[in-house]
Amino acid sequence: MEKHSATWNKISLSFFKKGFKFILLHLSMQFFVPPSLRTKLLKLYGIQFKNRKTVFIGTNVLFDNLKNVSTSIGDNVLITSGAKILNHFPIITPEGVSEFSMGNVIIEDNVFIGMNALIIKPVTIGKGAVIGAGAVVTKDVLPGTIVGGNPATVIGYTKDFSKI
C-alpha cells in the first residue's frame, strides 16, 4: 500500500509565487489604489502593456491569466469598472467540463471596454474597437467595431473606421 504524505509537506516556491500574484491582482481591483499604481501591480501580476502609462483600468477589473497564456494591452486603452477578462473557456461535453480552451487575449490600441463587460476565450480586440457595457465577447472584434449584447454582436462602427 502506498503511503500518502501530507499536503503541507509539498509547499514550494511556486506556491508562494501564486499567492503573491493573487495578492497583487486583488490589490489592483480595490478602489483606493490609484490608476497609475493599478497598472504597475497588474504588470507585476503578468499583464503585458505596450505603454502602461496610457492605459486606464477601473476598479474591480479581473484579469484571469492561466498558466502559459497572456493578456496584452496596447496604447490608450480604457477598461471601466467591473470588466472581467478571462483567457479560458470551458469545453462542455455530454460528460461535463473536462478541459478548457485556453489562449491569449490581445487588446490593441485605442480600445474602450464598458462596465461589466466579459471577455472570454482567446480573442483579439482590434484597434479603435468599443465594447459596450455588459457585453459578452467570445469572438474576435474587428478594428473600429462597436459591439454589445450577449453574445456580443456588431451594433456600429467608430467614425474613423466607418469607411472600411
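Here is a walk through the structure above, one region at a time. Keep in mind that this is a predicted model.

Let's start with helix H1, which covers residues 13-28. Leucine 27 sits in this helix, so have a look at how much of leucine 27 shows at the surface: with a relative accessible area of 35%, leucine 27 is partly exposed. Leucine 27 also has company, because a nonpolar surface patch of about 590 Å² is made by Phe22, Ile23, Leu27, Phe31 and Phe32. To join such a patch, a residue needs over 30% relative accessible area, and the 35% of leucine 27 passes that cut-off.

Now for some strands. Find E7 (residues 88-93) and E8 (residues 96-102), which pair in the antiparallel sense over 6 bridges. What joins E7 to E8? A hairpin does the job, through 2 residues. You can trace the pairing yourself: threonine 93 stands opposite glycine 96 in E8, and isoleucine 91 has glutamate 99 in E8 as its bridge partner. While you have strands on screen, here's a handy general point: in a regular strand, side chains alternate between the two faces of the sheet.

Next comes an open sheet of 4 strands, in the order E3-E6-E11-E14, with parallel pairing. Which strands stand at the edges? They are E3 (62-64) and E14 (136-137); each has a single partner strand, so one side of each is left without a neighbour in the sheet. The partnership between E11 (residues 118-119) and E14 is parallel and runs over 2 bridges. Look for leucine 118, and you'll find valine 136 of E14 standing opposite.

Strand E14 turns up again when we get to a pocket. The second largest pocket holds about 190 Å³ of space and is lined by 14 residues. Nearest its centre lie Lys139, Asp140, Val147, Ala152 and Thr153. Where does the lining come from? E14, E15 (145-148) and E16 (153-157) each supply at least two residues, and the largest share, 3 residues, comes from E16.

One of those central residues, lysine 139, leads us to another lysine. Lysine 121 and lysine 139 are 18 residues apart in sequence, and their C-alpha atoms are 7.6 Å apart in space. Lysine 121 belongs to the loop between E11 and E12 (124-125), and with a relative accessible area of 28% lysine 121 is partly exposed.

Let's finish with charges. Side chains of opposite charge can pair when their charged atoms come close. How many salt bridges are counted here? The count comes to 1. Lysine 50 forms a salt bridge with aspartate 109, and the closest N and O atoms are 3.0 Å apart. Lysine 50 lies in the loop between E1 (48-49) and E2 (56-57), while aspartate 109 lies in the loop between E9 (105-107) and E10 (112-113), so the pair ties together parts that are 59 residues apart in sequence. Are these two partners buried or exposed? Lysine 50 is exposed, with a relative accessible area of 55%, whereas aspartate 109 counts as buried, at 12%.

Note on methods
Residues are numbered from 1 along each chain as its sequence is written. This is a predicted model: local features need pLDDT of at least 70, side-chain atom pairs count only at pLDDT 80 or more; totals for chains, interfaces and linings use all residues. Side-chain values use heavy atoms; hydrogens and water are left out. Patches are made of residues with over 30% relative accessible area and no salt bridge: like charges are joined within 9 Å, nonpolar side chains (Val, Leu, Ile, Met, Phe, Trp, Tyr) within 5 Å. Accessible areas come from the Shrake-Rupley method with a 1.4 Å probe; for residues, only the protein chains shown count as cover. A salt bridge is a side-chain nitrogen of Lys or Arg within 4 Å of a carboxyl oxygen of Asp or Glu. Buried means under 20% relative accessible area, exposed over 50%, partly exposed in between (1.4 Å probe, protein chains only). Two strands pair if DSSP finds at least two bridges between them. On a 1 Å grid over the protein atoms alone, a cavity is a set of points where a 1.4 Å probe fits but cannot get out, and a pocket is an open set with protein on both sides within 12 Å along at least five of seven lines; lining residues have an atom within 4 Å of a point. Grid points are joined across faces, edges and corners, and a volume is the space filled by probe spheres set on the points.
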